[in-house]
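Me: Could you take a close look at one charged side chain and its partners for me? I am new to this, so please explain the terms as you go.

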Amino acid sequence: MPTLPWTIPNQARAGTEAQIMASRFEVRSLKDVPRFFLRSLSAWRQVKSAPGALGASLIAQPLKRTFYTLSAWEDRDALYAYARAEPHRSIMSGLRATMRDSTFIFWEVPVERLPIDWSEAKRRLAEEATKKAGS
């Protein structure tokens, strides 16, 4: 499946920092993929109108049972408000049982560096997964 391209819900203010969040989700089985994918599209629609969202992209790899998200926010408060709002809140709690593994990583960049390149996000996620496995 192709990557859902970087979408810009709100314009960033020049000279500010963006809070970046990247995630990797792996579902337990192929039968969980359609449900996870459909729910992730609902969350995708929500982020497109979320206050403080500066950009987002999604990669779905259904045959690998893996999904990646990458988003930029004005600040952590905007990100957390989105995560607590419906439908995201119910989606995430409803999908917990289908998850095999998940990894999250956060960092800041000047807004002039948006959009974030997927290679950087995947590198950071891989480093975090390696640290998590070593714990």
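Reply: E26 counts as buried, because its relative accessibility is 9%; buried means under 20% relative accessible area, exposed over 50%, and partly exposed in between, using a 1.4 Å probe and protein chains only. Please keep in mind that this is a predicted model, where local features need pLDDT of at least 70 and side-chain atom pairs count only at pLDDT 80 or more, while totals for chains, interfaces and linings use all residues. Residues are numbered from 1 along each chain as its sequence is written, and side-chain values use heavy atoms, leaving out hydrogens and water.

Now to the partners. E26 forms a salt bridge with R100, with the closest N and O atoms 2.9 Å apart; the term means a side-chain nitrogen of Lys or Arg within 4 Å of a carboxyl oxygen of Asp or Glu. This pair links distant parts of the chain, since E26 lies in strand β2 and R100 in strand β5, 74 residues apart. Strands here are DSSP runs (E, at least two residues), as helices are (H or I, at least four), numbered from the N terminus. Unlike buried E26, R100 is exposed, with a relative accessible area of 52%.

E26 also meets R65 in a salt bridge, at 2.8 Å from N to O. Here too distant parts are linked: R65 sits in the loop between β3 (53–61) and β4 (66–73), 39 residues from E26 in β2 (residues 17–27). Why can such pairs form? Side chains of opposite charge can pair when their charged atoms come close.

For the wider picture, the whole structure holds 9 salt bridges.
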